[in-house]
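Q: I have a new model open and I'd like to learn how to read it feature by feature. Could you walk me through it?

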Amino acid sequence: MQIDLYNNQKFEVKPFLKWAGGKTQLIKDIESSLPKEIKKTKEIKYYFEPFVGGGAIFFYLVGAYNIKEAFLYDINKELILAYNAVKNDPEDLINLLMKMEKNFLAKNDVDRKEYFLDIRKKFNDDVPSFNFEKYSPDHVKRAAYTIFLNKTCFNGLFRLNKNGEFNVPMGRYKNPKICDSKNIRNVSECLQIAKIFNCSFKTSKDLINNESLVYLDPPYRPLNKTSNFTSYSENEFNDKEQEELAQYFDKITDKGAKAILSNSDPKNEDENDDFFDELYSNYNIVRVKAKRFINSNAKKRGPINEIIVRNY
Ligand SMILES: C[S@@+](CC[C@H](N)C(=O)[O-])C[C@H]1O[C@@H](n2cnc3c(N)ncnc32)[C@H](O)[C@@H]1O
């Protein structure tokens with residue numbers, strides 16, 4: 001289903017990272033929720049994604065619609081570093097990744113694990129002295145590490161421990177595709193229309209106007225106490241932030257932007273939980289079925305409801 005959808009685009013392009021909460025499953029629902037004029041003309045003037053993550057919806061839309069300019073934001077600095085490296089230096093990145101892929105796939109299981117742990121260690125050891133602010137060839141190397149770890153680690157999770165270290169173990173893949181050169185080139189081409197920011201969703205408000213389409217996919221409100229689903233970065237996203245996001249939603253509505261927001265439905269766990277129904281009581285809310293991909297508990301990966309909120 002995923003492959004077919006991305007193949008239907010005019011220009012074939014898909015996420016270059018696996019990402020927790022990735023919205024491939026929701027593409028059709030989001031597409032049918034788009035404003036009528038956009039569905040008719042296939043034109044989007046200013047596209048905003050303040051929680052871009054792996055960008056499942058952005059990469060679908062950018063291949064299927066004409067987007068004039070895109071504005072992508074995420075608080076995760078490693079993710080944004082990787083987006084910028086793909087945008088600016090696809091060929092150098094591909095060269096590095098091809099070498100890593102060749103090295104890794106030639107090894108037996110024991111040696112692969114050693115190689116994986118070695119890259120993970122370098123990735124973590126570099127942090128204290130790394131200049132995240134100033135773009136340089138070091139960023140391309142670091143992006144190659146991020147992509148390598150993402151394609152070979154357990155479930156493609158990005159998880160940092162309390163010390164800010166990436167600590168996901170190696171996954172069990174026979175032949176992981178570490179370097180998808182064609183897609184990296186296509187992603188790079190699509191990102192030329194994008195401005196990419198490493199900051200909070202709140203900053204995006206300033207640039208949004210009445211010609212903007214905004215898709216918001218914040219971290220999930222955990223379904224239960226043991227779920228660690230919101231741990232994308234050191235920053236937690238608690239109920240207070242969900243409330244601030246609802247205020248932001250009001251503000252961009254006042255500016256005349258068209259906005260769509262998705263989140264997990266708390267009613268999956270507790271049918272009396274009206275958290276989002278109350279927060280977004282002034283807007284259109286629909287519930288759709290989705291499959292949850294990343295959950296450490298295999299039994300909890302079945303279909304669940306997601307909510308989609310629209311201000312039009
Ligand atoms: C549910 S994921 C988005 C997934 C994305 N739609 C996809 O298809 O891959 C939420 C994202 O929000 C980011 N995030 C968390 N807190 C944030 C904040 N305050 N401002 C901006 N981004 C934030 C996380 O790093 C994560 O990438």
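**Reading the model, one feature at a time**

A: Let's start with one residue: lysine 205 lies in the loop between β3 and β4 (212-216). Keep in mind throughout that this is a predicted model.

Q: Is lysine 205 buried or exposed, or something in between, and why?

A: The idea is to count C-beta atoms around the residue, where 20 or more within 10 Å means buried and 12 or fewer means exposed. Lysine 205 has 15 other C-beta atoms within 10 Å, so it is partly exposed.

Q: Which residues does lysine 205 touch, if I skip those up to four places away in sequence?

A: Skipping those neighbours shows you what the fold brings together. Here lysine 205 touches Tyr248, Lys251 and Ile252. Take tyrosine 248: it is 43 residues apart from lysine 205 along the chain, yet their C-alpha atoms are separated by 7.4 Å.

Q: How is the protein divided into domains?

A: There are two ranges to look at, and one of them is written in two pieces: domain 1 (2-75 + 199-310) and domain 2 (88-182). The C-alpha centres of domain 1 and domain 2 lie 27 Å apart.

Q: What about the largest nonpolar core: how many residues does it have, and which have the most contacts inside it?

A: In general, nonpolar side chains of soluble globular proteins tend to be buried together. In this model the largest nonpolar core has 71 residues, and Ala82, Val86, Leu93, Leu97, Ala143, Ala144 and Val214 have the most contacts inside it. Both domains feed this core, with at least three residues drawn from each of domain 1 (2-75 + 199-310) and domain 2 (88-182).

Q: Can we zoom in on one of those? What is alanine 143 in contact with, beyond its neighbours within four places in sequence?

A: Its partners are Leu81, Ala82, Ala85, Val86 and Leu93. Ala82, Val86 and Leu93 also appear among the residues with the most contacts inside the core.

Q: How do I read a helix the same way? Which residues of α9 (residues 181-191) are buried?

A: Go along the helix and note the buried positions, then ask what they face. In α9 these are Ile184, Asn186, Val187, Ser188, Cys190 and Leu191. The buried residues of α9 pack against three helices and a strand, namely α4 (56-64), α5 (77-88), α6 (90-105) and β3 (194-198).

Q: And a strand? What is the count of buried residues in β6 (residues 284-291)?

A: Zero among its eight residues, so to speak a strand that is hardly covered. Strand pairing is a separate matter: β6 pairs with strand β7 (residues 303-310) in the antiparallel sense, over eight bridges. One place to look is asparagine 284, whose bridge partner in β7 is arginine 310.

Q: Which residues come nearest to the ligand?

A: Find the shell first, then rank it. The shell has 24 residues around the ligand, with Gly21, Phe51, Gly53, Gly54 and Ala56 coming nearest. The elements giving two or more residues to the shell are α4 and β2 (66-74). By residue type, the shell divides into 12 nonpolar, nine polar and three charged.

Q: Backbone angles next. Which residue other than glycine has a positive phi near 60°?

A: Lysine 42 is one of them, with phi near 60°. Lysine 42 is found in the loop between α3 (36-41) and β1 (43-49), and it counts as partly exposed because it has 14 C-beta neighbours inside 10 Å. Asparagine 155 also has a positive phi, of about 60°; asparagine 155 lies in the loop between α8 (137-152) and α9.

Q: What else sits in the loop between α8 and α9?

A: Leucine 157 is there, and so is valine 168. Leucine 157 counts as buried because it has 21 C-beta neighbours inside 10 Å, whereas valine 168, with 19, counts as partly exposed. Valine 168 is in contact with Cys153, Phe154, Leu157 and Arg159, leaving aside neighbours within four places in sequence. As for leucine 157, its C-alpha atom and that of leucine 17 are separated by 9.9 Å, though the two are 140 residues apart along the chain.

Q: One last residue: where is asparagine 124, in terms of helices?

A: Look in helix α7 (residues 109-125). Asparagine 124 touches Glu165 and Phe166, not counting residues up to four places away in sequence.

How values were computed. Residues are numbered from 1 along each chain as its sequence is written. This is a predicted model: local features need pLDDT of at least 70, side-chain atom pairs count only at pLDDT 80 or more; totals for chains, interfaces and linings use all residues. A nonpolar core is a set of buried Ala, Val, Leu, Ile, Met, Phe, Trp, Tyr and Cys residues joined through C-beta atoms within 7 Å. Domain bounds come from an automatic or database domain assignment. Two residues are in contact if their C-beta atoms, placed from the backbone, lie within 7 Å. Helices (H or I, at least four residues) and strands (E, at least two) are DSSP runs, numbered from the N terminus. Two strands pair if DSSP finds at least two bridges between them. A residue is near a molecule or strand if its C-beta atom, placed from the backbone, lies within 6 Å of it. Ala, Val, Leu, Ile, Met, Phe, Trp, Tyr, Cys and Pro count as nonpolar, Asp, Glu, Lys and Arg as charged, and the others, Gly among them, as polar.
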